[in-house]
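Hi everyone, thanks for coming. I'd like to walk you through one model today, and I'll pose a few questions as we go. Let's put it on the screen.

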Amino acid sequence: MNGTGNPVSHIRPALIEAPDKVDPPTRLALEHKGLEVQNIIAMGLNESCYPPSPKIIEAMQQNLSLVNRYPDAQCPHLTDIVSERTGIDRNCIVWGNGSEELIKGAIDLSLSPGQGLVLPVPTFWGYKSMVASFEANVAEVEMLPDGQTNIDGILGAIHNDTRIVFLITPNNPSGLMVDQAGLDEIVHGVPENVLLCVDEAYFDFGLHAGGPNVLETLKQRNAPWITIFTFSKAYAMAGMRIGYALCSDAKLAQALQKTTCVFNVPILAQFAGEAALLDTEYLDFILDQTANGRDQLFIGLKDLGLEPYPSVTNFVSTPVPMNGRDCLKAMLDKGVQINAWADPGYENHIRITVGTESDTETCLATLKKVLNSA
Ligand SMILES: Cc1ncc(COP(=O)(O)O)c(C=O)c1O
C-alpha cells in the first residue's frame with residue numbers, strides 16, 4: 001500500500017479491469033493438474049496433430065549447443081527466404097515471438113488510449129485481453145448467421161477515430177475464409193488513414209483449400225497494411241513461438257519492430273523456421289493430411305445430425321444441442337480434449353481440431369456418447 005491508500009495505484013487501471021490472462025489447457029497444464037495426458041487425445045488448441053518435419057528436428061538438434069548465445073535480432077536468414085518468396089522488401093519484414101506478439105504490436109503502434117479499433121467477432125480469444133490492455137475503443141462486428149465475416153459491417157463500423165481494422169482470414173473459431181470479392185471490398189474500402197491488419201495464422205490451409213492470395217490483393221492497396229503469419233499451425237511449431245509480419249512500407253515495419261523485444265525470436269526457433277520454410281514437401285504432406293482429416297471430421301459431425309461450419313482450416317466448429325463447456329468437460333472426462341467457443345451468444349458451440357484418422361474416429365464416437373447422454 002502506498003501513501004494514497006490505494007493498494008494498486010502502481011498498476012494502470014486498464015490492466016486491472018482487463019479480463020484475466022487465459023491459461024490455455026495445454027498438455028503440460030493438464031498434466032500439472034494431475035490428468036494422465038498420455039491417455040488424452042489433444043484436439044482442443046488448433047495445434048498440428050503431426051510432429052514437425054524431421055528436418056526441423058534435425059536443425060534444432062544440430063544447434064542445441066548454441067543456446068548460450070543470443071539469437072540474431074532481425075532473423076536475417078529467414079528474412080532472405082521470405083523476401084525472395086513474397087517479393088516484399090527486406091525492410092518491410094518483422095519477426096515475432098509467435099504471431100500474437102505482432103498482433104499486439106500492430107495495436108501498440110497505431111492506437112493511443114481511447115482511439116478506435118474494429119474487430120470482427122467471434123475470433124481468436126487472444127484479441128480480447130490484448131485489446132483491453134490498450135484501452136482501445138473497440139467496435140466488435142458480429143459474424144453473419146452463416147459464420148462468414150461481415151465485411152460491410154466492418155466498413156460501416158469505421159469512424160473518425162478508427163486507427164486500425166482487423167481482418168482474420170481464415171477466421172478462428174468459424175474456420176471460414178473471406179473470398180476474393182470480400183477481400184477486394186475491404187482492402188479498397190478501409191480508408192487511407194487507417195491501418196488494415198490481416199491475421200493469416202491459417203493462411204496455408206486457406207490457400208490449399210483454393211482461397212484467395214491476400215498478399216497479392218494487399219499489394220494493390222495504396223494505404224498502410226500489415227499481414228501476419230505464424231509457424232504454429234501448418235509448420236507444426238506452436239511450441240517454438242515464431243511468426244512474421246509483412247508491412248506495406250519500411251516506416252510501418254520499423255514502428256512494428258519497436259514494439260517487440262530485442263531478442264524476441266529464440267535461436268532454435270530461427271533454425272527451425274528456416275528448415276520449415278525449405279521443407280516444402282513436408283508442408284504439402286501436412287496440408288494434404290489436414291484436408292483429409294477435416295473432411296472426415298466434417299462428415300462425421302454431419303452424420304451425428306450436427307451442422308458444422310464448412311471450415312478450410314485445421315479445425316471444425318459446430319453448434320451442439322447442449323452447452324459447449326459442458327460438452328467439453330464431458331469429452332475431457334472420456335479422454336478427448338476439444339474446445340468451446342468463448343463468446344456470449346455461442347454457448348452451444350464447440351470447436352474440434354483435426355486429428356489423425358484414428359483420433360478423429362475416437363473423438364466422433366465419444367461425442368456421440370456425450371450427446372446421447374446429455
Ligand atoms: C487467428 C489466430 N491468430 C493468431 C493466433 C496466435 O498464434 P501464435 O501466437 O501461436 O502464432 C492464433 C492461435 O490460435 C489464432 O487462432
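Let me begin with a small one: which residue follows α13, and is its phi positive or negative? The residue is Gly305, and its phi is positive, near 85°. Before going further, please keep in mind that this is a predicted model.

Let's stay with α13 for a moment. The helix covers residues 280-303, which makes 24 residues. From its first C-alpha to its last it reaches 35 Å, close to the 34 Å expected at 1.5 Å a residue. Several of its residues are buried, including Tyr282, Ile286, Arg294, Leu297 and Phe298. And what do those buried residues pack against? The partners are two helices, α9 (203-208) and α15 (357-372), together with two strands, β9 (315-319) and β12 (349-353).

Those two strands take us to a sheet. It is an open one of three strands, in the order β9-β12-β11, and the pairing is antiparallel. At the edges are β9 and β11 (339-340), each pairing on one side only. Between β9 and β12 there are five bridges, and if you want a pair to click on, Phe315 has Thr353 in β12 as its bridge partner.

Now let's step back to the whole chain. The count is 15 helices and 12 strands. The radius of gyration is 21 Å, close to the 21 Å that the globule rule gives for 374 residues, so the chain is as compact as a globular protein of that length. Along the principal axes, the C-alpha trace spans about 55 × 55 × 50 Å. Of the 374 residues, 44% are buried. I also like this figure: among contacts with a separation of 6 or more, 73% are between residues 24 or more positions apart.

Next, my favourite strand, β7. Why do I call β7 largely enclosed by the rest of the structure? Because six of the six residues in β7 (residues 225-230) are buried. In a regular strand, side chains alternate between the two faces of the sheet. Here, Trp225, Thr227 and Phe229 point one way, while Ile226, Ile228 and Thr230 point the other way, and all are buried.

Who sits beside β7? On the parallel side of the story, β6 (residues 195-199) is joined to β7 by four bridges, with Val198 opposite Thr227. In the antiparallel sense, β7 pairs with β8 (residues 243-247) over five bridges, and there Ile228 stands opposite Ala245.

Strand β8 is mostly covered too, with five of its five residues buried. Gly243, Ala245 and Cys247 are on one side, and Tyr244 and Leu246 on the other. β8 also pairs with β2 (residues 93-96), antiparallel, over four bridges; in that pairing Trp95 has Tyr244 as its bridge partner.

A residue that ties this region together on screen is Leu102, in helix α5 (residues 99-110). Leu102 counts as buried because it has 28 C-beta neighbours inside 10 Å. Beyond its neighbours within four places in sequence, Leu102 is in contact with Val94, Gly96, Ile228, Gly243, Ala245 and Leu256. And how far apart are Leu102 and Phe229, in sequence and in space? They are 127 residues apart in sequence and 9.2 Å apart in space, C-alpha to C-alpha.

For those of you waiting for the ligand, here it is. It is surrounded by 14 residues, and the closest are Gly98, Ser99, Glu100, Thr230 and Ser232. You'll recognise Thr230 from β7. By character, the shell divides into four nonpolar, eight polar and two charged residues.

Finally, a few backbone details. The loop between β7 and β8 holds Ala236 and Arg241. Ala236 has a positive phi near 60°, and so does Arg241, also near 60°; neither is a glycine. Are they buried or exposed? Ala236 is buried, with 22 other C-beta atoms within 10 Å, whereas Arg241 is partly exposed, with 19.

There are cis peptide bonds to look at as well. One joins Val121 and Pro122, with omega about -10°, and Pro122 lies in the loop between β3 (116-121) and α6 (126-133). Another joins Asn172 and Pro173, with omega about 20°, and Pro173 is in the loop between β5 (162-168) and α8 (180-189).

That's my tour. Thanks for listening!

Notes. Residues are numbered from 1 along each chain as its sequence is written. This is a predicted model: local features need pLDDT of at least 70, side-chain atom pairs count only at pLDDT 80 or more; totals for chains, interfaces and linings use all residues. The expected span of a helix is 1.5 Å times one less than its number of residues. A residue is buried if 20 or more other C-beta atoms lie within 10 Å of its own, exposed if 12 or fewer, and partly exposed in between; C-beta atoms are placed from the backbone. Two residues are in contact if their C-beta atoms, placed from the backbone, lie within 7 Å. A residue is near a molecule or strand if its C-beta atom, placed from the backbone, lies within 6 Å of it. Ala, Val, Leu, Ile, Met, Phe, Trp, Tyr, Cys and Pro count as nonpolar, Asp, Glu, Lys and Arg as charged, and the others, Gly among them, as polar. Two strands pair if DSSP finds at least two bridges between them. The radius of gyration is taken over C-alpha atoms; the globule rule is 2.2 Å times the number of residues to the power 0.38.
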